[in-house]
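The exercises below concern charged side-chain pairs and one helix beside them. Work through each task with the sequence and the model at hand before reading its solution.

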Amino acid sequence: MRQAFRQPGFARLYAGLTTSMFGDSVMLLVLSMWVKSETGSNAQAGLTFFFMAIPALAAPLMGIGIDRVRRKPLLVWGHVASGVLVLPLVLVRGPGQVWLIWAVAAVYGVSFIVLPAALNGLLKELLPEEMLVDANASLQTTKESFRLFGPLIGAVLFTWLGGWAVAVLDATSFFVAALVIASLPVREVAPEREETHLWTQLTAGVRHLAQEPVLRHVLTGFALAMLVMGFTESAIYAVLDAFGKPVTYVSVFVSVQGVGAVAGGLASSFVVKRIGEVAGCVAGLLAIVVGILIIAATHSFVVVCIATASFGAAIPTIVVALMTLVQRRTPQAIMGRVSAAVEVVMAAPQAISLALGALLVVVLSYRQIFVIMAVVTALAAAYIALSLRRQIVGDVRRAPAGVEPVRAEGATLLPAPPLEP
């Protein structure tokens, strides 16, 4: 992963992004905890993530806008807007304002589409293709490492001062990130205006995913898995109830998952380079299946935590493999639309999953829910492995080659500003 930091500009971009990642790690879990505390409902707490997933349905419209502007300004102003739109949470005073929490969750859903799509385009211009795995791995490892303490900080602030304090901290992190990214010394090439029909431009991302066989099969498998992954957002509170733990213990789950995620993140670059992106996705899904089955079977809270760490270790490999696959197999001109289309493919079944999970937690035990999740996720891994078996064999046989840092094409680095005395 160190090779990516030798590329001009990446270290500063990394610094800005990690600032907002910290704010996210503190806030995201608090949103559902806040709803649970105000309403006492596991189902309504789970619906918080449903509202976060809803904006993905409008992702194609966002994608065409992303491809028409330069990526750095979009990242800067996207962070500023996210910080401003989080601040209304300071007005929440009771169950009557739960709708406001859900509205902010929807804002988060928009930022989860726009900011990563802009980042994908900027990374593709800033770095050579060979460095994308290292860049994605470093960002994902850092993001997951915040799970070690971010949710705990959020839970402590929420218990001590209230949700308003978490909202202010999160907004501040967005503003600081915008300032750091704004100082990035890069001059981007302005996107060329397309003369094709609007519908052709709007559907370019979806058509690319449908026509690119590797992306098509991988995303089909992930869409199947996402139909059940959202069950955890409601079922996790049922797990806590079964073991007699308070709602704030969900931060313990997330932190333990973060321990595994850090380990998985540190290994993700090596794993993806060694076996390839497709096999990395399959391996990550199978590791999740193992963790889910252990949680469904055990009667020990300690074992549940260990399985959660195993679950967390699989996530960075999946994310790094998928993002690198998308970046490498997508032309720069449609990167925003393809990234947005990926969000639709992933988030639409997730939204269904979150809504269905909120219902299932009322009628099924968490053990039954986790078994359903394991079976469907295993089927998703099998679909990808069988559909792309030749691609996997070819990737595994191909030995990774050493790469020297070079300047990426498409972006011009400006001279670094002089240091202040």
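**Exercise 1.** Determine which residue forms a salt bridge with Arg329, and where in the chain the two partners lie.

*Solution.* Arg329 pairs with Glu212, their closest N and O atoms being 2.7 Å apart, which satisfies the criterion for a salt bridge, namely a side-chain nitrogen of Lys or Arg within 4 Å of a carboxyl oxygen of Asp or Glu. Arg329 sits in the loop between helix H16 (301-328) and helix H17 (335-363), whereas Glu212 sits in the loop between helix H11 (204-211) and helix H12 (213-229), so that the pair links parts of the chain 117 residues apart. Helices here are DSSP runs of H or I with at least four residues, numbered from the N terminus. As to accessibility, Arg329 is partly exposed at 27%, while Glu212 is buried at 14%; buried means under 20% relative accessible area, exposed over 50%, and partly exposed in between, with a 1.4 Å probe and protein chains only.

The model is predicted, with local features requiring pLDDT of at least 70 and side-chain atom pairs pLDDT 80 or more, while totals for chains, interfaces and linings use all residues. Residues are numbered from 1 along each chain as its sequence is written, and side-chain values use heavy atoms, leaving out hydrogens and water.

**Exercise 2.** Establish what Glu212 does at the N-terminal end of H12, and how many residues of that helix are buried.

*Solution.* Glu212 caps this end of H12, a side-chain oxygen lying 3.1 Å from the backbone nitrogen of Val214. Next, 12 of the 17 residues of H12 are buried, so the helix is largely enclosed by the rest of the structure; among them are Val214, His217, Phe222 and Met229. Finally, H12 reaches 24 Å from its first C-alpha to its last, close to the 24 Å expected at 1.5 Å a residue, where the expected span is 1.5 Å times one less than the number of residues.

**Exercise 3.** The structure holds 3 salt bridges; describe the pairs made by Asp134 and by Arg328.

*Solution.* Begin with Asp134, whose side chain meets that of Lys273 at 3.0 Å, N to O. Asp134 lies in helix H7 (residues 132-145) and Lys273 in helix H14 (residues 250-275), so this pair ties together parts that are 139 residues apart in sequence. Asp134 is buried at 0%, and Lys273 is partly exposed at 34%.

Turn then to Arg328, whose side chain meets that of Glu277 at 2.6 Å, N to O. Arg328 belongs to helix H16 and Glu277 to helix H15 (residues 277-297), 51 residues apart. Arg328 is partly exposed at 32%, whereas Glu277 is buried at 9%.

Terms used:
Helices (H or I, at least four residues) and strands (E, at least two) are DSSP runs, numbered from the N terminus. A polar contact is a pair of N or O atoms within 3.5 Å; within protein, one must be able to donate a hydrogen and the other to accept it, and residues adjacent in sequence count only if both atoms are side-chain atoms.
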